[in-house]
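Student: I've got a new protein model open and no idea how to read it. Can we go through it together?

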Amino acid sequence: MDGSQTSSFTIDLRSDTVTRPTPGMRAAMAAAEVGDDVYGDDPTVNRLQAIAAERFGFESALFFPSGTQSNLAALMAHCGRGDEFLVGQEAHTYRYEQGGAAVLGSIQPQPLENEPDGGIALERIAAAIKPDDYHFARTRLLALENTIGGRVLPMGYQREVTAFAHSRGLATHLDGARVFNAIVKLNVDERTGVAGFDSVSICLSKGLGAPAGTMLVGSRDFIAAARRWRKALGGGMRQAGVLAAAGLYALQNHVRRLADDHANAEFLAAGLHAIGLSVVAPQTNILYVDIPVPKIPGLKVHLDGRGINVTVTPRTRLVTHLDVPHPKIATTLQAFREFDWAD
Ligand SMILES: Cc1ncc(COP(=O)(O)O)c(C=O)c1O
């Protein structure tokens, strides 16, 4: 049974995590050759790992069930007990992963203000690196995110900030849950898009439409350490090839089409702006629109009634993705137009 039959919503703009496997993806999953991946025996997982490592230009790759676990294992592979990582206040690894690095990894986060473009200023980073003194945690790692809130980190900044971190003895990790959105937007290849980072976590279950799965890429030694932590964190999966097959299918078929999601976000933003709403111009597939507070409950009921699922807040996030083709974006816009915006 298709899950959509259990919901009255036909359009879901809450996140790009809500996509369902396409028929082609399901066929690839059904046909997947599998083995026990904890023994390293799953040929489909092994193929996905080899392809991800090659495409991103790293020695090795490891398949995780989720982005949260991949990020956590990466932080734990880079940092030990009493170490510290520098991270943006807005970063998923700091704000939305329950402080897992501290709770489970004994790693202290040092959150730093993000700049409006999503980066962290070099001066801020420099000022946060602790001296070698036993009063302080040992600053080991800089963790960034791309895209962050739908914003693409400029290539020049990525080059500069990773070189700077390395010059100060820090390793660099990228939460690239949506790094393909950045790569497609910048029109660069994967290797160029993540150059300078020592490790990258890449989600297959966001804009790419796989039901689960995240790739962590890094050096052979780093991935060996992450593999140990993955087992401790309960992420050693057995016949995971059915999921890896979805990931492979997504890599082959759903990367270039992210440009459609970006175009749909721009179209939606322009339409909302024309209604008179204040919209943050989207760079990729995520846009933010300000909803006057008194209008929030009414707008939610209005959209619900039209089968449109949106988390309506003062700054409402709308995310375009594989399951919302252009006509559904047009329907959404029409619903926003038909709402009574008058005071
Ligand atoms: C930027 C970012 N990083 C990491 C994650 C965590 O991924 P998962 O939900 O697979 O644990 C998310 C989830 O939405 C995310 O948006």
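Tutor: Sure, and keep in mind that this is a predicted model. Let's begin with His78, which lies in helix α3.

Student: Okay, is His78 buried or exposed?

Tutor: Look at how much of His78 can be reached: its relative accessible area is 18%. The cut-off for buried is under 20%. So His78 counts as buried.

Student: Which side chain makes a polar contact with the side chain of His78?

Tutor: For a polar contact, you need a pair of N or O atoms within 3.5 Å. The side chain of His78 has a partner at 2.8 Å. That partner is Ser199.

Student: Now the ligand. Which helix gives the largest share of the shell around the ligand?

Tutor: The shell includes Ser66, Gly67, Thr68, Asn71 and His92, among others. The helix you want covers residues 67-78 and brings 3 residues to that shell. It's helix α3.

Student: How far is a polar side-chain atom of Thr68 from an oxygen atom of the ligand?

Tutor: Let's put a few of these distances side by side. For Lys206, a polar side-chain atom sits 3.0 Å from a ligand oxygen, and for Arg178 an N or O atom of the side chain is 2.8 Å from one. For Thr68, the distance is 2.6 Å.

Student: What percentage of the ligand's accessible area does the protein cover?

Tutor: On its own, the ligand has 390 Å² of accessible area. The space it takes is the largest pocket. The protein covers 80% of that accessible area.

Student: Let's try a strand. How many residues of strand β2 are buried?

Tutor: Strand β2 spans residues 60-64 and is mostly covered. Side chains in a regular strand alternate between the two faces of the sheet. Here Ser60, Leu62 and Phe64 point one way, Ala61 and Phe63 point the other way, and all are buried. That makes the count 5 of 5.

Student: And which residue in β8 is the bridge partner of Phe63?

Tutor: β2 pairs with strand β8, residues 214-218, in the antiparallel sense. There are 5 bridges between the two strands. In β8, the partner of Phe63 is Met215.

Student: Last one: how far apart are the C-alpha atoms of Leu303 and Pro111?

Tutor: Find Leu303 in helix α13, residues 296-305. Leu303 is buried, with a relative accessible area of 1%. Along the chain, Leu303 and Pro111 are 192 residues apart. Their C-alpha atoms are separated by 37 Å.

How values were computed: Residues are numbered from 1 along each chain as its sequence is written. This is a predicted model: local features need pLDDT of at least 70, side-chain atom pairs count only at pLDDT 80 or more; totals for chains, interfaces and linings use all residues. Side-chain values use heavy atoms; hydrogens and water are left out. Buried means under 20% relative accessible area, exposed over 50%, partly exposed in between (1.4 Å probe, protein chains only). Helices (H or I, at least four residues) and strands (E, at least two) are DSSP runs, numbered from the N terminus. Two strands pair if DSSP finds at least two bridges between them. A residue is near a molecule or strand if one of its heavy atoms lies within 4 Å of it. A polar contact is a pair of N or O atoms within 3.5 Å; within protein, one must be able to donate a hydrogen and the other to accept it, and residues adjacent in sequence count only if both atoms are side-chain atoms. Accessible areas come from the Shrake-Rupley method with a 1.4 Å probe; for residues, only the protein chains shown count as cover. On a 1 Å grid over the protein atoms alone, a cavity is a set of points where a 1.4 Å probe fits but cannot get out, and a pocket is an open set with protein on both sides within 12 Å along at least five of seven lines; lining residues have an atom within 4 Å of a point. A molecule sits in a cavity or pocket if more than half of its atoms lie within 2 Å of its grid points.
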